[in-house]
Amino acid sequence: MKQIELNLKQPALKGTIEVPGDKSISHRSVMFGALAAGKTTIRHFLKGEDCLSTIDCFRKLGVEIEETQDEIIVHGKGWDGLVEPQEILDAGNSGTTTRLLLGILAGRPFHSVLVGDESIAKRPMDRVVIPLSQMGARIAGRENGRFTPLAVQGAPLAGIHYELPVASAQVKSALLFAGLQAEGETRITEPVPTRDHTEKMIQQFGGEVKREGRTIVVAGGQPLKGTEVYVPGDISSAAFFLVAGAITADSEVELVNVGLNPTRTGIIEVLTAMGADVIVKPHETAGEGMGTVRIRSSKLRGIEIGGDLIPRLIDEIPIIALLATQADGKTVIKDAEELKVKETNRIDTVVNELKKLGAKIEATEDGMIIHGKTPLTGGRVSSYGDHRIGMMLAVAAAIASEPVIIDNIEAIAVSYPEFFCDLERLIQ
Ligand code: S3P
């Protein structure tokens with residue numbers, strides 16, 4: 001377990017950086033590349049541990065994947081190109097790998113076993129196992145398929161109409177992968193729209209998918225064709241520097257080539273509503289959307305965050321909590337029970353660790369309440385193995401009056417291996 005002592009002395013942050021590729025899109029590009037016929041070339045792929053776990057699983061499933069300095073090249077042979085793995089598939093810390101892979105493996109005619117790390121072993125997988133079983137999948141695991149290790153005996157699948165009980169892009173995507181190999185049509189109704197990278201990628205790989213209100217419809221048996229993918233910068237990684245720029249004095253930070261898919265830009269809306277000096281310049285690109293986001297030190301006010309906005313910023317809530325400690329007045333985050341089943345219980349980890357640094361923050365049943373503006377002191381905190389908690393605490397260290405020691409800092413490599421290099425480049 002690695003720790004770091006950050007004695008940053010409240011620096012100004014200035015400069016331009018390009019954050020690494022989007023984690024969700026990187027995972028999906030390898031998955032679709034593996035299932036498509038022909039070559040898929042992926043540029044600006046996130047070489048974080050989570051996405052490397054996805055590559056490792058597909059190699060074990062017989063897919064040839066080349067890694068060069070700038071590109072990932074996937075030599076897909078179609079759905080039937082996947083072969084029975086001789087080894088256990090290890091998703092590491094990645095919920096996206098575990099859940100989406102279940103949707104793919106459910107319909108393949110072979111046996112496979114899927115495991116992950118300690119954190120994955122505690123996260124609910126029945127949210128995909130239940131609907132996949134309704135489609136005909138045979139998946140066994142601890143507590144009736146709720147937890148890993150999971151054993152999948154591939155079986156023919158049939159389309160269903162499923163109403164998602166929770167807003168989850170991972171569950172939706174697992175069902176879309178299952179639907180693509182099922183007999184007939186699969187309809188998935190979301191309670192609230194979630195990130196739509198899977199839908200966009202089905203189209204990019206030559207398939208068809210429709211949206212009818214809150215329902216997504218996909219037909220089985222569609223051929224997918226290899227293509228070229230450029231992965232935009234991850235707005236969830238950019239969020240740490242957007243908040244850092246807003247809460248440190250005399251700062252101006254520019255982030256280039258950031259993904260601006262509207263299902264992911266809740267953080268920009270929150271910054272704007274809090275009064276931050278933030279400017280977004282979208283590029284004229286089709287598909288996912290990308291642009292430059294610039295932020296300056298800002299005077300902030302507390303707001304209420306909940307409802308349909310939550311899935312559009314779910315991964316940004318730890319850093320939004322820190323942002324709220326520097327806003328005047330009260331910030332309420334609600335409708336975010338899902339935080340309890342992320343890499344850690346993020347209601348607990350955010351509240352406990354920020355409290356140790358002097359924040360006025362309390363947990364609620366479905367979120368948290370933060371009172372600002374509060375100066376942060378130093379102290380010893382932990383990521384608890386959660387990459388986003390680790391990065392949030394490193395940004396907290398930039399405004400703390402004393403050194404901050406962060407335990408378990410290696411977790412950051414899950415989504416942003418170059419995080420500290422980029423932070424250093426901005427420090428004046
Ligand atoms: C993701 C969806 C979200 C998000 C996760 C990545 C994805 O999870 O928190 O980091 O790539 O589809 P849920 O679907 O569980 O909300």
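What volume does the largest pocket have? It comes to about 630 Å³. Keep in mind that this is a predicted model. Below is a quick tour of two pockets and two aspartates.

**The largest pocket**

- Count the residues lining the largest pocket and you get to 38.
- If you want to find its centre on screen, look for Ala167, Ser168, Ile314, Glu338 and Lys342, the lining residues that lie nearest to it.
- Sorted by class, this lining has 18 charged residues, along with 11 nonpolar and nine polar ones.
- Four helices each chip in at least two lining residues: helix H1 (23–35), helix H3 (95–105), helix H6 (169–180) and helix H12 (387–399).
- Two domains take part as well, since at least three lining residues come from each of domain 1 (3–21 + 232–426) and domain 2 (23–230).

**The second largest pocket**

- The second largest pocket holds about 370 Å³ of space.
- Its lining is made up of 20 residues, and those nearest the centre are Ser119, Lys122, Glu343, Thr344 and Tyr384.
- Here the lining splits into nine charged, six polar and five nonpolar residues.
- Where does this pocket sit relative to domain 1 and domain 2? It lies between them, because both domain 1 (3–21 + 232–426) and domain 2 (23–230) give residues to its lining.

**Asp196**

- You'll find Asp196 in the loop that runs between strand S11 (185–189) and helix H7 (197–204).
- Is Asp196 buried or exposed? Its relative accessible area is 16%, and the cut-off for buried is under 20%, so Asp196 counts as buried.
- Setting aside residues up to four places away in sequence, Asp196 touches Lys172, Asn261 and Thr263.

**Asp407**

- Asp407 belongs to strand S24 (residues 404–407).
- Asp407 is another buried residue, with 11% relative accessibility.
- Tyr384, one of the residues nearest the centre of the second largest pocket, is 23 residues from Asp407 in sequence, yet their C-alpha atoms are 7.6 Å apart in space.
- Not counting neighbours within four places in sequence, Asp407 is in contact with Met1, Lys2 and Gln3, and also with Arg380, Val381, Ser382 and Ser383.
- Which side chains make polar contacts with the side chain of Asp407? One is that of Gln3, at 2.9 Å, and another is that of Arg380, also at 2.9 Å.

Note on methods
Residues are numbered from 1 along each chain as its sequence is written. This is a predicted model: local features need pLDDT of at least 70, side-chain atom pairs count only at pLDDT 80 or more; totals for chains, interfaces and linings use all residues. Side-chain values use heavy atoms; hydrogens and water are left out. On a 1 Å grid over the protein atoms alone, a cavity is a set of points where a 1.4 Å probe fits but cannot get out, and a pocket is an open set with protein on both sides within 12 Å along at least five of seven lines; lining residues have an atom within 4 Å of a point. Grid points are joined across faces, edges and corners, and a volume is the space filled by probe spheres set on the points. Ala, Val, Leu, Ile, Met, Phe, Trp, Tyr, Cys and Pro count as nonpolar, Asp, Glu, Lys and Arg as charged, and the others, Gly among them, as polar. Domain bounds come from an automatic or database domain assignment. Buried means under 20% relative accessible area, exposed over 50%, partly exposed in between (1.4 Å probe, protein chains only). Contact means heavy atoms within 4.5 Å. A polar contact is a pair of N or O atoms within 3.5 Å; within protein, one must be able to donate a hydrogen and the other to accept it, and residues adjacent in sequence count only if both atoms are side-chain atoms.
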